[in-house]
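Let's take a walk through this model together. Please have the sequence and the 3D view open as you read.

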Amino acid sequence: MDTKKLGFNSKLIHAGHFKDEFLSATVPIYQTSTFSFKSAKHGADCFSGEDDGYIYTRIGNPTINALEQNIAELENGFGGIGTASGMGAVTTIYIALLKQGDHIVSSDAVYGPARVAMETIFAGYGVESTYVNTSNIEEVKAAIRPNTKVIYVETPANPTIGITDLKAVSKIAKENDCIFVVDNTFCSPYLQKPLDLGADISFHSLTKFINGHADIVGGMIVCKEEKLYKQVRSAMVTMGPNMDPHQAFLVIRGVKTLAIRIDRAQENAMKIAKYLENHPKIAWIKYPGLKSHPQHELAKEQMSGFGTMISFGVKGGAEAGSKLMDNVHLATLAVSLGGVETLIQHPASMTHAKVSKENKIKAGITDDLVRYSAGIEDLEDLINDLKHALDKV
Ligand SMILES: *Cc1c(COP(=O)(O)O)cnc(C)c1O
């Protein structure tokens with residue numbers, strides 16, 4: 001069956017799946033490190049690429065491959081590359097695309113460790129980087145240098161929920177011969193398809209929405225074109241941050257409900273955002289679905305929904321925010337996001353703790369910022385939980 005012609009929900013359940021010799025209804029876990037060859041010639045042909053048989057799980061595995069094809073189809077890309085974690089995807093992309101003397105322009109409000117890896121480890125290897133507010137296209141343009149090879153954007157940004165115009169950045173990337181990479185974790189392909197908007201690579205921490213059940217970490221890189229896919233795949237296979245078959249199996253199970261989970265969670269998020277916006281103890285709130293969000297119109301244009309991530313500040317600053325986080329009981333005080341359960345955390349002291357104070361301030365990661373990932377619990381319970389906690393502030 002050509003699943004490419006199917007609708008998004010059908011793809012979630014069928015794309016990339018294959019029938020094994022027992023015609024099992026789900027993709028089995030091929031928990032094996034290596035695969036036998038039918039003959040010495042077959043082995044040689046597998047290595048030369050003449051035969052597409054499996055060789056060794058770091059290079060490829062049927063369970064992992066099923067997930068790679070599934071996500072690649074959801075993103076309208078050529079192929080997917082599974083990695084051990086989202087950070088495995090980030091560093092594989094850096095290694096595949098950047099060498100000594102190259103330069104990357106990146107969003108300043110970006111997943112903390114993605115910036116820390118660049119400014120410590122990769123800077124040590126001679127890679128230069130400039131972090132700018134990519135929501136402002138002029139800042140992106142001004143940051144480009146003759147040696148800029150990659151433009152890297154996260155939208156909505158973590159944790160400031162700023163939106164970057166992907167079509168506009170893609171134009172700058174093309175004009176300057178740069179590869180355009182988008183961290184699509186906050187949206188998943190259900191809400192945003194960066195490759196359709198001009199990106200060359202869209203990648204994910206599968207740990208979040210795509211798996212959705214807070215029980216594994218994983219990453220996936222999807223490339224639009226075959227040439228780039230081969231380049232990134234070769235870097236992953238050589239460096240070794242590959243996915244594990246059991247991990248792939250769990251994500252295959254999780255991704256099937258991606259659309260219905262996000263539909264429900266973002267319905268909750270919209271109502272929670274409205275509740276907080278009108279609460280007298282809330283100082284400010286950023287949610288793309290609110291008219292008060294400075295890029296509400298852009299979000300409407302490039303995303304098919306507003307997502308489940310809300311950032312806000314409580315009047316009284318960081319101390320009041322801590323009081324709120326200590327007094328919610330249904331929302332779990334934990335990092336991560338995009339699962340069926342509601343999570344709350346404090347980026348400045350948690351996910352972005354290792355980003356320097358100066359860079360945090362420049363990126364808008366203020367001390368009072370509380371990040372909320374709406375889950376699929378009953379709305380009334382979530383609102384009561386926040387109401388109770390805000391009463392204590
Ligand atoms: C979590 C996350 C990552 C890193 O993924 P891991 O699976 O934790 O390694 C990268 N980008 C974003 C936006 C994330 O939320």
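Helix 11 and helix 15 cross in a right-handed sense. Helix 11 covers residues 258-277 and helix 15 covers residues 379-392; they pack with their axes 10 Å apart, at an angle of about 30°. Because angles under 35 degrees count as roughly parallel, helix 11 is roughly parallel to helix 15. Do keep in mind that this is a predicted model.

Now turn to the ligand. It is surrounded by 14 residues, and the closest are Gly86, Met87, Asp183, Thr207 and Lys208. By class, this shell holds 7 polar, 4 nonpolar and 3 charged residues. Two of the closest residues use their backbone: a backbone N or O atom of Gly86 lies 2.8 Å from an oxygen atom of the ligand, and a polar backbone atom of Met87 is 2.8 Å from a ligand oxygen atom. Ser205 uses its side chain, with a polar atom 2.9 Å from an oxygen atom of the ligand. On its own the ligand has 380 Å² of accessible area, and the protein covers 93% of that.

The backbone has some spots worth a visit too. Most peptide bonds are trans, and most residues other than glycine have a negative phi. In the loop between strand 4 (148-154) and helix 7 (166-175) you will find Pro156, and the peptide bond leading to Pro156 from Thr155 is cis, with omega near -10°. Pro159 sits in the loop between strand 4 and helix 7 as well, joined to Asn158 by a cis peptide bond with omega about 5°. Finally, look at the loop between helix 3 (62-74) and strand 1 (79-83), where Asn76 is placed; Asn76 has a positive phi, near 55°.

Note on methods:
Residues are numbered from 1 along each chain as its sequence is written. This is a predicted model: local features need pLDDT of at least 70, side-chain atom pairs count only at pLDDT 80 or more; totals for chains, interfaces and linings use all residues. Side-chain values use heavy atoms; hydrogens and water are left out. A residue is near a molecule or strand if one of its heavy atoms lies within 4 Å of it. A polar contact is a pair of N or O atoms within 3.5 Å; within protein, one must be able to donate a hydrogen and the other to accept it, and residues adjacent in sequence count only if both atoms are side-chain atoms. Accessible areas come from the Shrake-Rupley method with a 1.4 Å probe; for residues, only the protein chains shown count as cover. Ala, Val, Leu, Ile, Met, Phe, Trp, Tyr, Cys and Pro count as nonpolar, Asp, Glu, Lys and Arg as charged, and the others, Gly among them, as polar. Axes are lines fitted to C-alpha atoms, for helices over the stretch in contact, and angles run from 0 to 180 degrees between N-to-C directions. Helices (H or I, at least four residues) and strands (E, at least two) are DSSP runs, numbered from the N terminus. Angles under 35 degrees count as roughly parallel, over 145 as roughly antiparallel, 65 to 115 as roughly perpendicular and the rest as oblique. A crossing is left-handed if the near helix is turned anticlockwise from the far one by less than a right angle, and right-handed if clockwise.
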